[in-house]
Amino acid sequence: MDSDSDSDVPAMRPRSSPNILITGTPGTGKTTTAALVAQACGLVHIEVGRVVKEKMLHDGFDEEFNSYILNEDKVVDELEEAMQDGGKVVDHHGCEFFPERWFDLVVVLRANNEVLYPRLESR
């Protein structure tokens, strides 16, 4: 995650509910876990991959990797206001471009390769 050391970075407002990031490699159960956590805690689930597709926050589609080319700046700009409010459970396979100030808790999911490979193969 970035250090938020730039002086032009907006300060976070105090929030009454935490923001949680759930991350990990594809197939570890990020979306399922994030949805369950959001439901159990009364928070809002944000699935970054879905938002990227719906709001066109990408720079096209990579046929070789069968995935969208994420535009990190567009994603951060899109989510900034929502993250200020708090009460979000965000799921995405990476975390390096999200501002550290956004999250109160980061959870990294892992799965054994013997479990992970069949999950990914079935997609």
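Here are four short exercises, with worked solutions, on a predicted model.

**Exercise 1: the open sheet**

Work out the strand order of the open sheet of four strands, and find which strands are its edge strands.

Solution. Start with the order, which reads 2-5-1-6, with parallel pairing. Now look at the ends: strand 2 (44–47) and strand 6 (105–109) each pair on one side only, and that makes them the edge strands. On average, neighbouring strands here are turned by 20° against each other, direction ignored. For a close-up, take strand 1 (residues 20–24) and strand 6, which pair in the parallel sense over five bridges. In this pairing, isoleucine 22 stands opposite valine 107 of strand 6.

Next, see what packs on the sheet. Helix 1 does, touching strand 1, strand 2, strand 5 (88–91) and strand 6. The direction of helix 1 makes about 160° with that of strand 1. Helix 2 packs on the sheet too, touching strand 2 and strand 5, and its direction makes about 65° with that of strand 2.

**Exercise 2: two helices that cross**

Describe how helix 2 (residues 48–55) and helix 3 (residues 72–85) are arranged, and name the residues that meet.

Solution. Two packed helices are described by the angle between their axes and the distance between the axes. Here the axes come within 11 Å and cross at roughly 105°. Angles of 65 to 115 degrees count as roughly perpendicular, so that is how helix 2 and helix 3 lie to each other. Then zoom in on the contact: Val48, Val51, Val52 and Lys55 of helix 2 meet Val75, Glu78 and Leu79 of helix 3. Sort these residues and you get five nonpolar, no polar and two charged.

**Exercise 3: a hairpin**

Find how strand 3 (residues 58–62) and strand 4 are joined, and look at the turn between them.

Solution. First, the two strands run antiparallel and are joined by three bridges. One partnership to spot is histidine 58 with leucine 70 in strand 4. Second, strand 3 and strand 4 form a hairpin, with four residues between them. In that turn, asparagine 66 has a positive phi of about 50°.

**Exercise 4: the largest pocket**

Say how much space lies in the largest pocket, and what lines it.

Solution. Begin with the volume: about 810 Å³. Then turn to the lining, which has 24 residues; Pro26, Gly49, Lys53, Ser67 and His93 lie nearest the pocket's centre. Helix 1 (30–41), helix 2 and strand 4 (67–70) are the elements that give two or more residues to this lining. Helix 2 gives the largest share, five residues. Finally, sort the lining by type: eight nonpolar, 10 polar and six charged.

Conventions
Residues numbered from 1 in each chain as written. Predicted model: local features only at pLDDT ≥ 70, side-chain atom pairs only at ≥ 80, totals over all residues. Heavy atoms only, no water. Axes fitted to C-alpha atoms, helices over the stretch in contact; angles between N-to-C directions. Parallel < 35°, antiparallel > 145°, perpendicular 65-115°, else oblique. Contact = heavy atoms within 4.5 Å. Nonpolar A, V, L, I, M, F, W, Y, C, P; charged D, E, K, R; others polar. 1 Å grid on protein atoms, 1.4 Å probe; cavity = no way out; pocket = protein on both sides within 12 Å on 5 of 7 lines; lining within 4 Å. Points joined across faces, edges and corners; volume = space filled by probe spheres on them. Pairing = 2+ DSSP bridges.
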